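Hi,

Here is the structure I promised to pass along. Have a look at it first, and my notes follow underneath.

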Amino acid sequence: MTETPSAATGPLGLDPELLAILACPDTHHSPLTVDEQAGELLCTTCDRAFPVRDGIPVLLLDEARHRDA
């Protein structure tokens with residue numbers, strides 16, 4: 001298998017088009033922002049932080065942590 005060389009890679013190794021459509025899995029489905037330093041996607045509404053492991057966002061509520069305010 002070969003990857004297409006034109007595939008753009010954004011923050012955390014994620015495709016920018018994917019980042020544009022990702023949302024929090026909770027009922028409010030708010031957009032997610034990127035925290036590159038922590039390697040997480042952050043919900044703008046519920047302050048959950050979702051890990052990105054090996055370039056794959058783990059959007060499970062049980063895997064998320066609440067950020068310290």
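Start with the hairpin that β3 and β4 make: 2 residues lie between the strands, and Asp 54 in the turn has a positive phi of about 55°. Keep in mind that this is a predicted model. The two strands pair in the antiparallel sense over 2 bridges, with β4 covering residues 56-57. Arg 53 has Ile 56 in β4 as its bridge partner.

β3 has further partners. With β2 there are 3 bridges, again in the antiparallel sense, and Glu 40 stands opposite Pro 51 in β3. That pair is a hairpin too, with 4 residues between the strands, and Asp 47 takes a positive phi near 60° there. Then there is β5 (residues 65-66), which runs antiparallel to β3 and is joined to it by 2 bridges; Ala 49 is matched with Arg 65 in β5. As for cover, 5 of the 6 residues of β3 are buried, so it is fair to call the strand mostly covered.

Stepping back, the protein has 1 helix and 5 strands, in the order α-β-β-β-β-β along the sequence. Of its 69 residues, 30% are buried. The accessible surface comes to about 4900 Å², and carbon and sulfur atoms account for 51% of that. Taking contacts between residues at least 6 apart in sequence, 25% join residues at least 24 apart.

Now the inside. In soluble globular proteins, nonpolar side chains tend to be buried together. Here the largest nonpolar core has 11 residues: Leu 14, Leu 19, Leu 22, Cys 24, Leu 32, Leu 41, Cys 43, Cys 46, Phe 50, Val 52 and Ala 64. Both β2 (40-43) and β3 (48-53) supply at least two residues of this core.

Cys 24 is a core member I'd click on. Which residues does Cys 24 contact, leaving aside its neighbours within four places in sequence? They are His 29, Ser 30, Leu 32, Cys 43, Cys 46 and Phe 50. Several of these are in the core as well, among them Leu 32, Cys 43, Cys 46 and Phe 50.

Another spot to look at is Thr 45, in the loop between β2 and β3. Is Thr 45 buried, exposed or partly exposed? Its relative accessibility is 47%, and because partly exposed runs from 20% to 50%, Thr 45 falls in that class. Beyond four places in sequence, Thr 45 is in contact with His 28 and Ser 30. The side chains of Thr 45 and Ser 30 are also joined by a polar contact of 2.3 Å. Asp 26 is 19 residues away from Thr 45 in sequence, and their C-alpha atoms are 9.8 Å apart.

Last, a couple of backbone details outside the hairpins. Leu 12 is not a glycine, yet its phi is positive, at about 60°; you'll find Leu 12 in the segment before α1 (16-21). His 29, also not a glycine, has a positive phi of about 50°. His 29 sits in the loop between α1 and β1 (32-35), and it is one of the contacts of Cys 24 listed above.

That's what I have for now.

Cheers

Key. Residues are numbered from 1 along each chain as its sequence is written. This is a predicted model: local features need pLDDT of at least 70, side-chain atom pairs count only at pLDDT 80 or more; totals for chains, interfaces and linings use all residues. Side-chain values use heavy atoms; hydrogens and water are left out. Buried means under 20% relative accessible area, exposed over 50%, partly exposed in between (1.4 Å probe, protein chains only). Contact means heavy atoms within 4.5 Å. Accessible areas come from the Shrake-Rupley method with a 1.4 Å probe; for residues, only the protein chains shown count as cover. A nonpolar core is a set of buried Ala, Val, Leu, Ile, Met, Phe, Trp, Tyr and Cys residues joined through side-chain atoms within 4.5 Å. A polar contact is a pair of N or O atoms within 3.5 Å; within protein, one must be able to donate a hydrogen and the other to accept it, and residues adjacent in sequence count only if both atoms are side-chain atoms. Two strands pair if DSSP finds at least two bridges between them.
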